[in-house]
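Please take me through this structure in the viewer, one selection at a time, and tell me what to look for at each stop.

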Amino acid sequence: MKKIYLDSAASTIIDERVIEAMIQSMKEDFGNPSAIHSFGQESKSKIEMVRKNIAQWLHVNPNEIIFTSCGTESNNLILRSCIENLSIKRIISSPLEHKSVLETIRDLKEKHPEIEVVFLPLKNKKGDLDIAFLEDLLEEKTPTLVSLMHSNNEIGNLTDIDCIAQLCKKHGALFHSDTVQTMAHYPLDFSKTPIDFASCSAHKFHGPKGIGMAFIRKSSGLKGMITGGTQERNLRAGTENVYGIVGLGKSFDYAMQELKERRRIIEDLKQYTIDQLSKNIQGVLFNGHGTDFTKSNYTLLSILLPFPNTLVGFQLDMKGIAVSQGSACASGASKPSKTMLQLYTEEELKNTTTLRISYSHYNTKEEIDVLISFLSEIQKNLTNTIPAENG
Ligand code: PLP
């Protein structure tokens with residue numbers, strides 16, 4: 001059975017070229033980057049080269065790129081340090097954020113009850129944030145951090161981070177965006193977008209797990225949270241993950257160099273999925289702004305199927321097809337995710353299944369055909385087993 005992987009928003013296949021570069025680095029770069037001898041300096045120079053490349057892609061200063069272990073750590077570092085070191089008194093965020101932001105905010109509020117936490121209301125069932133409300137809030141001159149993700153990981157809605165960054169700048173608020181689902185999938189230019197903080201994770205763009213990055217604008221004055229050595233411009237103590245950084249650097253470079261071609265392939269696959277689902281699955285709904293490519297991340301599509309939640313993911317897995325029911329973190333759960341409950345009522349979600357199909361440039365239309373034919377089969381079997389009314 002040929003397996004089909006359609007869960008790249010959870011994690012991606014590592015690019016063979018990245019594996020090669022990491023193996024090479026493991027052989028060569030064993031010196032501690034903090035050591036002054038040539039072995040250490042060799043490792044150090046590899047790290048600095050990656051830092052410089054990524055800074056160029058994002059149009060920022062290399063000193064503003066800080067390597068971490070993952071997207072979760074980057075979000076933690078930024079949010080926690082803003083409260084604990086930058087005297088932020090208010091966090092404005094959204095109920096659609098990733099757990100690594102929502103749980104960190106919850107924990108910060110518990111530890112610092114004096115901080116104000118405001119979640120922006122949603123304007124409609126598509127999940128649009130009420131930006132006018134944000135602007136009203138920013139009129140109050142409280143030291144504020146706004147934390148809004150660039151792309152939602154479950155439904156794919158995009159936030160106009162340029163507009164939010166401008167608003168925050170105008171009102172003197174700091175702005176953090178969780179860019180884990182868009183970094184290296186979209187060209188980002190932080191010399192034009194006045195954002196203060198962003199996060200990134202290599203395993204979302206064909207790099208290794210266990211390595212991430214935080215963009216931290218120098219002028220923000222953010223401090224590190226892990227105490228120890230002075231690594232990473234004093235912002236993240238601990239011996240650097242040299243091989244991981246090399247892997248992050250290579251996967252970032254390839255993703256940016258090949259962005260247009262990868263995007264063309266994936267957008268084509270997403271549109272094909274939308275067309276085929278609409279044709280073959282009765283009653284399918286596309287969550288959030290799924291069908292609008294200007295407002296939705298091209299790498300993922302969230303759908304609501306009119307089938308009972310039980311076992312669809314399991315049945316697909318038995319056929320060797322990997323998709324996600326909700327997000328990776330919420331998968332396996334039989335209850336609707338918190339994100340879906342922001343868009344629909346519990347009643348509306350009764351007897352439905354949410355699937356997130358997420359793509360990479362390695363996927364093909366034939367794989368989409370296989371997925372849709374199985375979904376269609378499930379729907380037919382269900383229709384045949386439901387007894388006719390009055391019959
Ligand atoms: N933020 C978003 C939007 C994500 O999708 C994820 C991972 O799924 C994370 C943060 C966490 O990233 P990591 O797995 O590197 O900790």
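The second largest cavity of this predicted model has a volume of about 50 Å³. To see its walls, select Ser 8, Ala 9, Thr 12, Gln 181, His 185, Lys 204, Thr 299, Ser 358 and Tyr 359, which together line the second largest cavity. Colouring this selection by class gives two nonpolar, six polar and one charged residues.

Keep His 185 selected, since this residue belongs to the lining just shown and is also among the residues that lie nearest the centre of the largest cavity, together with Arg 262, Ile 266, Tyr 298 and His 361. The largest cavity holds about 80 Å³ of space, and its lining comprises 13 residues, which by class are six nonpolar, six polar and one charged. If you now display helix H8 (residues 259-280), you have the element that supplies the largest share of this lining, namely three residues. In total, the model has two cavities of 30 Å³ or more.

Next, hide the cavities and turn to the strands, where an open sheet of seven strands, with mixed pairing, follows the order E2-E8-E7-E6-E5-E3-E4. At its edges are strand E2 (65-68) and strand E4 (116-119), each of which pairs on one side only. Averaged over the sheet and with direction ignored, neighbouring strands are turned by 20° against each other.

Zoom in on the E2 edge, where four bridges join E2 to strand E8 (residues 212-216) and the two strands run antiparallel; a good pair to select here is Ile 65 and its bridge partner in E8, Phe 215. With these strands still in view, add helix H2 (residues 38-58), which lies across E2 and E8 and runs at about 120° to E2. Then move to strand E5 (144-147) and strand E6 (174-177), across which helix H6 (residues 161-171) lies, running at about 160° to E6.

The last two stops are loop residues with an unusual backbone sign for their residue type. Select Ser 87, in the loop between helix H3 (71-85) and strand E3 (90-93): although Ser 87 is not a glycine, its phi is positive, at about 55°. How exposed is Ser 87? Ser 87 counts as partly exposed, because its relative accessibility is 46%.

Finally, select His 206, found in the loop between strand E7 (197-201) and E8, which likewise is not a glycine and has a positive phi of about 70°. Is His 206 buried or exposed? With a relative accessibility of 3%, His 206 counts as buried, because the cut-off for that class is under 20%.

Technical notes. Residues numbered from 1 in each chain as written. Predicted model: local features only at pLDDT ≥ 70, side-chain atom pairs only at ≥ 80, totals over all residues. Heavy atoms only, no water. 1 Å grid on protein atoms, 1.4 Å probe; cavity = no way out; pocket = protein on both sides within 12 Å on 5 of 7 lines; lining within 4 Å. Points joined across faces, edges and corners; volume = space filled by probe spheres on them. Nonpolar A, V, L, I, M, F, W, Y, C, P; charged D, E, K, R; others polar. Pairing = 2+ DSSP bridges. Axes fitted to C-alpha atoms, helices over the stretch in contact; angles between N-to-C directions. Contact = heavy atoms within 4.5 Å. Buried < 20%, exposed > 50% of the residue type's maximum accessible area, 1.4 Å probe, protein only.
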